[in-house]
Amino acid sequence: MKPDLVVCGLGPAGRALAHRAVLRGLTVIAVDPAPERRWTATYAMWADELPGWLPPQVVGATVSRPMAWGTRAHRLDRPYVVLDTARLQTSLHLGDANVVSDRAIQVGPGHVTLASGTKITGGRVIDARGLTRSPARAEQTAYGVIVDVRRCAGLDPLFMDWRPDNGAAPGDPPSFLYAVPLDGERMLLEETCLAGRPALTGAHLRTRLRARLHARNVPLAGDEPVEHVRFPVQGGRPGPRRFGAAGGFLHPATGYSVGAALAAADAVAAGQDVWPATARIVHRLRGAGLRALLALPPGDLPLFFDTFFALPPDAQRAYLSGRTDLAGTVTAMSALFAALPGPLRRRVAAATLGVAVPSRGRRASAMMGG
Ligand SMILES: Cc1cc2nc3c(=O)[nH]c(=O)nc-3n(C[C@H](O)[C@H](O)[C@H](O)COP(=O)(O)OP(=O)(O)OC[C@H]3O[C@@H](n4cnc5c(N)ncnc54)[C@H](O)[C@@H]3O)c2cc1C
């Protein structure tokens, strides 16, 4: 029987879509080479991005006012949630969906060909196969350790901390510390390369994390559970037949996508157009934001984020999340641009417009290689 919907890929986006479609009463086929694979990544997002249909138990921890550091401290008036990954995955149950363990090798409008040779047709086919790695795509990388909260005394939850106590030489590609509670007992401490082409390696980030935690009197035993992060932040293409990272739901300048995909899953399941012209322009502007980040000299990053986190909360929110607030995104980017110091502004303008600017002896590209 031809199903209403075929979902290719059961990562957070595809699984949320299939889950919501089943609950709407649609007949669903979901294809993934490893549909039973347990997710291990720690997913976090802003609390206001959580869709109301998710059970509250999926939230592992909430940080009501996370800190961000450029060269100075910024207290963010926006609650941030860290999800319990196992509970999230379980809550996105697939009910009566027909789950096929296979690889989709050709995904077209209304039909899919699997590696086994099986052909599936469906009323709608959505590609949620994520993004493949490529040297042409900037990536986000991080190396994290999970530490008993009692060893983190004095360490505030940190959305990002660019202070230079991680042992990196001035002028080296920068990375920041991300520090969030997983629950009442454990914290994830992660040295993160926001975006790079190529991005910093895990080994490099591990060395920096150790140096940073040593400097902050957070002792490591050496046997802490580790989280490795590496995923492309470029390559998604908005469109009615793709979803999640593959479909342009990943914010290229921050790497976040899970909140946006969960928020849009219902509308996509209902067959609504989730890419109005405003969303497409916002997506392009965020791509320009990534270009600007890739082009900034390393030493300028902390100042750039000082300027960003000094913007009014609404402007920060419009830039960081949501997908359709074009006016808010333009206001945020214009306000940021106007507030940047002169030389930084020139470089950001050139990068945003895709114009090459001589680096005057400084290492071009803070974020590695833009
Ligand atoms: C450790 C770690 C921590 C992260 N933390 C965060 C975070 O805090 N917040 C956030 O927003 N993002 C975070 N990310 C990024 C986030 O994981 C990705 O952006 C997100 O998983 C993208 O979701 P997706 O469902 O679109 O794609 P994916 O998660 O890439 O899922 C794609 C799915 O498609 C399947 N698939 C692949 N090829 C085929 C095929 N040919 N046929 C059928 N199925 C196929 C795969 O098996 C997979 O299940 C993190 C990433 C990592 C690695």
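**Close-up views of the predicted model**

**View 1. An open sheet of seven strands.** In this predicted model, seven strands form an open sheet in the order 6-5-14-15-16-13-17, and their pairing is mixed. The edges are held by strand 6 (73-75) and strand 17 (226-232). Each has a single partner strand, so one side of each lacks a neighbour in the sheet. Direction ignored, neighbouring strands are turned by 20° against each other on average.

**View 2. Strands 15 and 16, with helix 3 on the sheet.** Strand 15 (residues 176-181) and strand 16 (residues 186-196) run antiparallel. Six bridges join them. Leu177 has Glu191 of strand 16 as its bridge partner. Helix 3 (residues 202-215) packs on this sheet. The helix touches strand 13 (139-148), strand 15, strand 16 and strand 17. Its direction makes about 40° with that of strand 13.

**View 3. An open sheet of four strands.** The strand order here is 8-2-1-12, and the pairing is parallel. Strand 8 (98-101) and strand 12 (124-127) are the edge strands. Each pairs with a single strand, so one side of each is left without a neighbour in the sheet. From one strand to the next, the twist averages 15°. Strands of a sheet pair through backbone hydrogen bonds, in either the parallel or the antiparallel sense. Four bridges link strand 1 (residues 5-8) to strand 2 (residues 28-32) in the parallel sense. Leu5 has Val28 in strand 2 as its bridge partner.

**View 4. Helix 1 between sheet and helix 4.** Helix 1 lies across strand 1, strand 2 and strand 12. It runs at about 165° to strand 2. Helix 1 (residues 12-23) also packs with helix 4 (residues 258-269), their axes 8 Å apart. The angle between these two helices is about 30°, and they are therefore roughly parallel to each other. Their crossing is right-handed. From helix 1, Pro12, Ala13, Ala16, Leu17, Arg20 and Ala21 take part in the contact. They meet Val258, Ala261, Leu262, Ala265, Asp266, Val268 and Ala269 of helix 4. The contact residues comprise eleven nonpolar, no polar and two charged.

**View 5. Helix 5 against helix 9.** Helix 5 (residues 277-295) and helix 9 (residues 342-353) have axes that come within 8 Å. They cross at roughly 130°, which makes helix 5 oblique to helix 9. The crossing is right-handed. Helix 5 contributes Ala288, Arg291, Ala292 and Ala295. These meet Arg347, Val348, Ala351 and Thr352 in helix 9. By class, the residues of this contact are five nonpolar, one polar and two charged.

**View 6. Strand 7 and its antiparallel pairings.** Strand 3 (residues 44-46) pairs with strand 7 in the antiparallel sense, over three bridges. Trp46 stands opposite Tyr80 in this pairing. Strand 4 (residues 59-63) also runs antiparallel to strand 7, and four bridges join the two. Here Val63 has Tyr80 as its bridge partner in strand 7. Tyr80 is thus matched with Trp46 and with Val63. Side chains of a regular strand alternate between the two faces of the sheet. In strand 7 (residues 80-83), Tyr80 and Val82 point one way, while Val81 and Leu83 point the other way. All of these residues are buried.

How values were computed:
Residues numbered from 1 in each chain as written. Predicted model: local features only at pLDDT ≥ 70, side-chain atom pairs only at ≥ 80, totals over all residues. Pairing = 2+ DSSP bridges. Axes fitted to C-alpha atoms, helices over the stretch in contact; angles between N-to-C directions. Contact = placed C-beta atoms within 7 Å. Parallel < 35°, antiparallel > 145°, perpendicular 65-115°, else oblique. Left-handed = near helix turned anticlockwise from the far one by under 90°. Nonpolar A, V, L, I, M, F, W, Y, C, P; charged D, E, K, R; others polar. Buried ≥ 20, exposed ≤ 12 C-beta atoms within 10 Å, placed from the backbone.
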